[in-house]
Amino acid sequence: MGRYFRRKLLIYGLTFVIAVSINFAVPRLMPGDPVARMLTRNSVSNPESSEAMRSYFDNVFGFDVPVWQQYLNYWAALFKGDLGVSVYAFPASVSSVVLDALPYTLALLLPSILLSWVVGNALGAKAARNKLLDNGVLPIGYILTAVPYMWLAILLAWLFGIILGWFPVAGGYSFALTPNFSWPFIVDLLHHWVLPFLSLFIVALGGWAIGMRNLVIYELESDYSNYLQALGAPTRLIRRYAFRNAVLPQITGLALQLGVVVGGALVTEVVFAYPGLGSLLLNAVTNQDFFLLQGILLFIVIGVLLFNFLADVVYVLVDPRTRLGLEGGQS
Amino acid sequence: MALQVEDLRVHYRTTKGDVHALDGVSFSLEDGEIVGLAGESGCGKTTLGKSLIRLDGRMRHVGGSAVLDGDELPIGDDRAMNARRWKEVSIIPQYSMSALNPTRKIGKMTAELLRARGKSYRSLKGELVRRLELVGLSEKVLDNYPIELSGGMKQRVVMVLSTLLDPSLLIADEVTSALDVTNQKAVAETLVKFRDMGFVKSMIVVTHDLSLVYQIADTIMVMYAGRIVEKSPAETIIKAPKHPYTKALIGALPEVGLEYGDERLKSIPGKPPHLLEPPTGCRFRDRCPLASEECFQEPPKVVVDEGHEVACWKAEV
C-alpha cells in the first residue's frame, strides 16, 4: 500500500508542477499589457513620468527580467507563500485578496455539494425500490441535471428575490453593515447565502439521485443479491448490502465534484454578485491581473489535487477490493 | 418421499406473451436420491430448479404443486417461501463465483445472514469450520473477502454455505459449468459426499453435461421444451435410452477409446421450439428422425421398466 501512495504522491506532485507552470504561462500569453492598463487608469499623459511609472511598476511586478527568470522567481516566491501583488486591487497582496474571498466560496460550495450528495443519494436509493417515487424522482432529476447553474440562479433570484422579495439578490452581506462577529451580521450573511446555495444544491441534487438510483438497482439485481434472496435473507439485509456497495462509486464522484465545481460556482457567484473566488476570477480576467489570476488558479489547482487525493485515500479505505488489489491478495 | 412435483407450470412474462418454460412437469424424488436434470439450453432445467426455491421477477407460477416432506411449497408466494428457503430447500447457484457480497468478509456475511434467519452464528461456527475443512478450505477463509479466493474456492465456500442448515432438498444449478475438468470432478464428488454425510437429503443436479451427472446421479431426467421426456436410473439412460431425444443427446457424446479422426461428432439438427406458443403434440417432432402421423397427438407416458418412464409414441415396452 505504501508503494501505491508513494506513486500517487509522485503523480500528484508532477501534476502540480505542470499546473503551476501552465498557470504561469497562461496570463502572459493573454493579449494586453497590465502595466499599460494601470497607467491609463492613472491617466498619466506626460511621456517622461509615464516612463518612470512604467519602470517602477515593471520592477514591482517583476516584469523587468527575462521570462525564464520570472518563472524561477515565481517558483521561489511561491514557496515563500508570496503570490505577488494584485494589479486590480493594488497594492493589496494576492494572498490577502484570495484569502478574503475564499471563505465565501467554501461556505457556498462545501454545504451545497455535501448536502446535495447526502440528500441525492438517500432520494435515489429510495427511488430504486419505490415505483411511485421513481416515477417522480427520475424525470425531475433529469430536468435538474440538465438545468445550467446560472439559469436556475437567475430563476431563483427572480422568483424569491424580485417577485416574493424573501431574499436579497446580490452581495455577500448588506452594504450597510461592516463585517464583524455579531448576530445581525451573521443573520444577514445567511440571508444572502440562501439563494446562491440553493441554486448550486438543487442542480447537483438531480445528478446524485439519478446515479444512486441506477447503482442501487444494479446492485439489487446482482448475483449476490439473488443468492441472498434464494437463501431467504430479509429484504432489509439485501438492501443494506446493495446501498453500501452502490455508494462506493458515489464517493469518488463526490471527491471529483468537490474539485471541479468551482467552475459552476463561478457563474453562480457572478449572478448573485457573491464576493467569492468566482467573482474574483472574473475581475482578475477583465482587469488582466496576472498575479491575482495565477493566485486564484493556484488555489483551484490545489483544491482539485487535494480532493482527488482524498478520493483515492477514502476509496481505498472503504472498498476492500481496491485495498486488497494493492496488497496483493492471497489465492 | 422427499419431493413430489405434480403438473408444475411456470411461465415467463414477456411483452410478447407468456413463455411456457415449464409446461406440466411431474416427478418425484426419494430421500437420499440424487437426480440429474439434463437437456439443451432453453429446455427449462434452470427454471425448474429456480421454481422450487425462488421465482424471479418475470416468472409466474401458473399451476401445479410441489410437496416437500409432506408440506406443500408455496411456490408462487415469495414471502411464505422465505421460511422454507435455506432450511428446507437450498440452492447452489450457477453464478457461485459472484454469489458473495464483494465488500464483506465471508465470515461476517455468513454471520449476518444467519442472524437475519434467526440462527446463532456462534453455535454454528464449529460446524461451518468443520465443513469448510471437509472441502479443503481452512478457517482463515472466513476472514477473507471473496476477491481473495480463487474461483474454485469461492464455489466450495458457496457449497458449504448453501448446505449449512442441512436442507432436505438441494438444487445444484450448473455447478460445474465454470470449472476446469479436475475441479468439476472434485465438485461432483463433494456433492455426493454431502449427501452421504447427511448434509442434504436429496438433490437435483441441473446440468447439460450428461457424462458428469452420470457419475454421481442415481436417476437422470431429460427435459425437452419445458417437459420431462424421459426419466430412468442413470445407468439405463446411458446404456438403453428410449426417447429419440435422449438417444440423440447420448449419440452426441464422444466415447472414450474411440478414434474420431476427421469424423465429426454427431449433433442434433435444428433447435428446440420457441415456448411462446409451444407446438401441440410431441415437441421434439420437428427434429425427430422417427416422427410420424401419431406424433401430432400428445405422446403417452410409457413405463418401460421399473422406474423408467418415457413420453414417446415410439417407445417400445
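Here are a few worked exercises on a predicted two-chain model.

**Exercise 1. Get a feel for chain A**

Task: work out which secondary structure elements chain A has, and what box its C-alpha atoms fill.

Solution:
- Start with the element count: chain A has 14 helices and 0 strands.
- Reading along the sequence then gives the pattern α-α-α-α-α-α-α-α-α-α-α-α-α-α.
- Next, lay the C-alpha atoms along the principal axes, and they fill a box of roughly 90 × 60 × 35 Å.
- For burial, take the 331 residues of chain A: 34% of them are buried.
- Finally, look at contacts in chain A between residues at least 6 apart in sequence; 73% of these join residues at least 24 apart.

**Exercise 2. A helix pair in chain A**

Task: describe how helix H5 (residues 94-127) and helix H13 (residues 290-318) of chain A pack.

Solution:
- Two packed helices are described by the angle between their axes and the distance between the axes.
- For H5(A) and H13(A), the angle is about 50 degrees and the axes are 9 Å apart.
- Angles from 35 up to 65 degrees fall outside the parallel and perpendicular classes, so H5(A) and H13(A) are oblique to each other.
- Now the handedness: H5(A) passes H13(A) in a right-handed crossing.
- Who touches whom? On the H5(A) side you'll find Val94(A), Ser95(A), Val97(A), Val98(A) and Leu102(A), and they meet Phe291(A), Leu292(A), Gly295(A), Ile296(A) and Phe299(A) of H13(A).
- Sort the residues of this contact by class and you get 8 nonpolar, 2 polar and no charged.

**Exercise 3. The sheet of chain B**

Task: find the strand order of the 8-stranded sheet in chain B, and say which strands stand at its edges.

Solution:
- Strands of a sheet pair through backbone hydrogen bonds, either parallel or antiparallel.
- Following the pairings in chain B gives an open sheet with the order E6-E7-E8-E3-E9-E10-E12-E11, and the pairing is mixed.
- E6 and strand E11 (301-305) of chain B each have a single partner strand, so they stand at the edges with one side lacking a neighbour in the sheet.
- From one strand to the next, the twist averages 20 degrees.
- Zoom in on one pair: strand E9 (residues 219-224) and strand E10 (residues 227-233) of chain B run antiparallel over 6 bridges. In this pair, Met221(B) sits opposite Lys231(B) of E10(B).
- Helix H5 (residues 151-162) of chain B packs on the sheet, where it touches E6 and strand E7 (169-173) of chain B. The direction of this helix makes about 180 degrees with that of E6(B).

**Exercise 4. A helix pair in chain B**

Task: do the packing analysis again, this time for H3(B) and helix H4 (residues 121-134) of chain B.

Solution:
- The angle comes out at about 125 degrees, with the axes 10 Å apart.
- That makes H3(B) oblique to H4(B), and their crossing is right-handed.
- H3(B) brings Thr110(B), Ala111(B), Leu114(B) and Arg115(B) to the contact, while H4(B) brings Tyr121(B), Leu124(B) and Leu128(B).
- By class, the residues of this contact are 5 nonpolar, 1 polar and 1 charged.

**Exercise 5. Where the chains meet**

Task: say how many residues each chain puts into the contact, and which element of chain B gives the most.

Solution:
- Count by chain: 24 residues come from chain B and 21 residues from chain A.
- Strand E6 (89-92) and helix H3 (106-116) of chain B each supply at least two residues of the side that touches chain A.
- H3(B) gives the most, with 3 residues.
- That side of chain B holds 13 nonpolar, 6 polar and 5 charged residues.

Conventions: Residues numbered from 1 in each chain as written. Chains lettered and ligands numbered in written order. Predicted model: local features only at pLDDT ≥ 70, side-chain atom pairs only at ≥ 80, totals over all residues. Axes fitted to C-alpha atoms, helices over the stretch in contact; angles between N-to-C directions. Helix = DSSP H or I, 4+ residues; strand = E, 2+ residues; numbered from the N terminus. Parallel < 35°, antiparallel > 145°, perpendicular 65-115°, else oblique. Left-handed = near helix turned anticlockwise from the far one by under 90°. Contact = placed C-beta atoms within 7 Å. Nonpolar A, V, L, I, M, F, W, Y, C, P; charged D, E, K, R; others polar. Buried ≥ 20, exposed ≤ 12 C-beta atoms within 10 Å, placed from the backbone. Pairing = 2+ DSSP bridges.
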